[in-house]
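Subject: Structure handover and notes

Dear colleague,

I am passing a structure on to you, together with some notes on what was found in it. Please look through the model before reading on.

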Amino acid sequence: MQMKFAPLPHNPQVHPAIKAFMCGSLSGTCSTLLFQPLDLVKTRLQTLQTGVQPGSGRVGMVSVLLSVVRTERLLGLWKGVSPSFVRTIPGVGIYFSTYYSLKQHFLQDRCPGAAEAVLLGGGARTVAGVVMLPVTVVKTRFECGRYSYGSVIGALRSVCQTEGPAALFSGLMATLLRDVPFSGIYVMFYSQTKASLPKEISTSPAAPVANFSCGVLAGVLASLITQPADVVKTHVQVNPQLKTAEAIRYIYMEYGLQGFFRGAVPRSLRRTMMAAMAWTVYEQMMAHIGLKS
């Protein structure tokens, strides 16, 4: 499968980091639209009320999926897609432009080693995560079904007026504990597996498929390692009165250790497929405009 893109206007005056931002934003838009239903199902699984048994693995995921379709119709699966777009389009762009800038500054054009890849991915995610956290909070509340916001702007205004601006940064620690390790681990596995590909594959028309496969493997490993932090982050953002330590204690007391892996299946599917697609599209577009990603 050879991925083709329409020719982009060549403008040597545009800074490479801006081009990386544009490529990242487009790749994030595609992956968000496709996989938003998995994010909604993951959030609903993680925020089920006490006493409701979500089932295990695929059963819990399917039952929540069917429940959303029955009560909110098919388009209900894309509830929260507006804040997801508001977060993803600039967020993924910021991530990739920061990643590109750090890589060019510290490594120039050489491939990163394992430790360097962890630092590159973690550093880029820290910048993007902090900048976009207010929209992440609103997105999580849209998806959980407990709030009735009319729009992203209205939600931001409502949170500021009723809970104070600090509520827009609720779950910052849990978000960083989830996203920074995920990105670092992902970039490490992705860059190392991609570097191990035979040259005849990495330079062939099948390269996008091979890169996507490397991304899937990296995404599964990174998702499972960081799943507990994702559950904690969701609880803190839906219940802003909870601190991170209190959320950890609450989840353990109510659900036991397995509570930290609620929503693992839809999250792993979504994060894995989104990351693999975003990186594949990003790298293809960067190559198309003559930049090394």
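The notes below cover the conventions, the cavity, the salt bridges, and a few individual residues.

This is a predicted model, in which local features need pLDDT of at least 70 and side-chain atom pairs count only at pLDDT 80 or more, while totals for chains, interfaces and linings use all residues. Residues are numbered from 1 along each chain as its sequence is written, and side-chain values use heavy atoms, with hydrogens and water left out.

To begin with the interior, the count comes to 1 cavity of 30 Å³ or more, where a cavity is a set of points on a 1 Å grid over the protein atoms alone at which a 1.4 Å probe fits but cannot get out. The largest cavity holds about 560 Å³ of space, the volume being the space filled by probe spheres set on the grid points, which are joined across faces, edges and corners. Its lining (residues with an atom within 4 Å of a point) comprises 33 residues, and Arg87, Val92, Arg125, Arg271 and Met274 are those nearest the centre. By class, the lining divides into 12 nonpolar, 9 polar and 12 charged residues, with Ala, Val, Leu, Ile, Met, Phe, Trp, Tyr, Cys and Pro counted as nonpolar, Asp, Glu, Lys and Arg as charged, and the others, Gly among them, as polar. At least two lining residues come from each of helix H1 (16–46), helix H3 (81–107), helix H4 (114–144), helix H6 (172–195), helix H8 (207–238) and H10; helices are DSSP runs (H or I, at least four residues), numbered from the N terminus.

Turning to charged pairs, there are 12 salt bridges, each defined as a side-chain nitrogen of Lys or Arg within 4 Å of a carboxyl oxygen of Asp or Glu. Asp39 takes part in two that are worth describing together: one with Lys42 (3.6 Å, N to O), and one with Arg270, whose closest N and O atoms are also 3.6 Å apart. The Asp39–Arg270 pair links distant parts of the chain, with Asp39 in helix H1 and Arg270 in helix H10, 231 residues apart. Lys42 and Asp39, by contrast, are separated by about one helical turn, because they are 3 residues apart in helix H1. Asp39 is buried at a relative accessible area of 2% and Lys42 is buried at 4%, where buried means under 20%, exposed over 50%, and partly exposed in between (1.4 Å probe, protein chains only). Arg270 is buried as well. These three residues belong to a network of salt bridges that also includes Lys139, Arg178, Asp179, Asp230, Arg267 and Arg271.

A further salt bridge joins Lys194 and Glu283, with the closest N and O atoms 2.7 Å apart; this pair connects helix H6 to helix H10 across 89 residues. Lys194 is partly exposed, with a relative accessible area of 26%, whereas Glu283 counts as buried at 8%.

Two single residues complete the notes. Gly184, in helix H6, counts as buried because its relative accessibility is 1%, and its C-alpha lies 11 Å from that of Gly219, which is 35 residues away in sequence. Leu257 lies in the loop between helix H9 (244–255) and helix H10 (264–288), and counts as exposed at 59% relative accessibility.

Best regards

Conventions:
1 Å grid on protein atoms, 1.4 Å probe; cavity = no way out; pocket = protein on both sides within 12 Å on 5 of 7 lines; lining within 4 Å.
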